[in-house]
Amino acid sequence: MIKGIFPVDKFRNIRTPFYYYDIELLKKTLDTVKMESGKYGYHVHYAVKANANPYLLSLIASYGFGADCVSGGEVQAALEAGFSADKIVFAGVGKADWEIDLGLDNHIFCFNVESAVELDVINELAAEKGKVASVALRVNPEVDAHTHAKITTGMKENKFGINLSLLNGVLDKFEVLKNVKLIGIHFHIGSQITDMTPFQDLAIRLNEILDQLEKRGIAVANVNFGGGLGIDYYHPNHLSIPAFDTYFAAFDRLLKLRPGQQVHFEPGRSIVGQCGSLISKVLYVKEGETKKFAVMDAGFTELIRPAMYDAYHRMENITSEEEPERYDVVGPICESSDVFGKEIELNRARRGDLVAFRSAGAYGEVMASQYNCRQLPKAYFSDSL
Ligand code: LLP
């Protein structure tokens, strides 16, 4: 019985909708990541964008992981949560001057640079401060991640990274620019990738790039493969911890590293995805002519992934043991895209029942909005309920 994993009695006193985090599962996941990455001495920088809840951030920081940030706000949040600045990497195709300054002032580990113009700007801002910024070039490896079009990033036509054909030109700039130092090569090919093939292709591409650099007499101390490891949205109970062993082993098997080269990763979803659920109440069961609608008090304001990416989240009525029926599960927002799923099997729903939207720990709470003047959802944690 799945509802056993939720403290339903305690939930009854909490105003819905809210996020609930299973801290024990998060800790087990973090232990696994630490053990599996540790086997090869790989460095892990948690992708803050997946979930920036301060309690979760500080827990993740306490494991000694670094942080992968994509904005000044994320750099700030990571520092406040206790991530050490020398383990912060800062990516993003559009970094504002104040964001670059923030990184420079805090001596972050590395800027992941996405274009030649950005390199010029970082060089200029670092020069003003009399500093030398450490940078990795984010290369667009032209590896197809075979994932949702809106979350794939590693192809020529994506806005991210430096195209392979332009890499040599950007490398030339380091001979002239004196306030930037090349310390690495960075990639990120996309998200929710569950097949290992794209990661294998990426490792092979890196080997080719290292050969290319070597021919020019360039050695880089770091290689960073970004994030992207997917989770099982269909089986959150049975497969609650992603296969980090297979993932890291795939890189270890294929990489041809140069002596002393350090390997970095930026997992987000795979760390926090399964520990979070959105808990929402059934406002009404509305009988249509051909359908039954379960109208929830959560909408895409709390969990936008179904509306935005047609993403599937498993839904469970955690307060009913009645025979399942089929519902279109919808939210209250005045938009027809505010639908969580059609023809979803739920234990017979009645007004007041609680429904858990599973696997919502990543890109859930952090993407919530106040559209329709709604309040942002609060978060509760299994270790303090
Ligand atoms: N590193 C970089 C440079 C990234 O852009 C991302 C995610 C990550 C790491 C972490 O990727 P992960 O391990 O979480 O797959 N909102 C979308 C996902 C967007 C991912 C953006 N970049 C969703 O809800 O599916």
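**Cavities and ligand site**

The largest cavity is lined by Val89, Phe109, Cys110, Asn112, Ala136, Ile183, Gly184, Ile185, Asn222, Asn224 and His264. Two or more residues of this lining come from each of β5 (110-113), β8 (180-186) and β9 (222-224), and β8 contributes the most, three residues. Here strands (E, at least two residues) and helices (H or I, at least four) are DSSP runs numbered from the N terminus. The model is predicted, with local features requiring pLDDT of at least 70 and side-chain atom pairs pLDDT 80 or more, whereas totals for chains, interfaces and linings use all residues. Residues are numbered from 1 along each chain as its sequence is written, and side-chain values use heavy atoms, without hydrogens and water.

A cavity is a set of points, on a 1 Å grid over the protein atoms alone, where a 1.4 Å probe fits but cannot get out; lining residues have an atom within 4 Å of a point. Grid points are joined across faces, edges and corners, and a volume is the space filled by probe spheres set on the points. The search of the whole structure returned two cavities of 30 Å³ or more. The volume of the largest is about 50 Å³. Its lining comprises six nonpolar, five polar and no charged residues, where Ala, Val, Leu, Ile, Met, Phe, Trp, Tyr, Cys and Pro count as nonpolar, Asp, Glu, Lys and Arg as charged, and the others, Gly among them, as polar.

The second largest cavity holds about 30 Å³ of space. Its lining consists of Leu25, Leu26, Thr29, Ser240, Ser270, Ile271, Gln274 and Cys275. The elements giving two or more residues to this lining are α2 (23-38) and α10 (269-272), and α2 supplies the largest share, three residues. Four of the lining residues are nonpolar, four are polar and none is charged.

Around the ligand there are 17 residues, of which Ser191, Glu266, Arg305, Tyr309 and Tyr363 come nearest; a residue is counted if one of its heavy atoms lies within 4 Å. This shell has six nonpolar, five polar and six charged residues. Both domain 1 (8-18 + 274-381) and domain 2 (23-271) give residues to the shell, so the ligand lies between them. The domain bounds come from an automatic or database assignment.

A polar side-chain atom of Arg305 is 2.6 Å from an oxygen atom of the ligand. A nitrogen atom of the ligand lies 2.7 Å from a polar side-chain atom of Glu266. For Asp68, a side-chain N or O atom is 3.2 Å from a ligand nitrogen atom. The ligand taken alone exposes 590 Å², of which the protein buries 91% (Shrake-Rupley method, 1.4 Å probe).

Note on methods:
1 Å grid on protein atoms, 1.4 Å probe; cavity = no way out; pocket = protein on both sides within 12 Å on 5 of 7 lines; lining within 4 Å. Polar contact = N/O pair within 3.5 Å; in protein donor to acceptor, adjacent residues only side chain to side chain.
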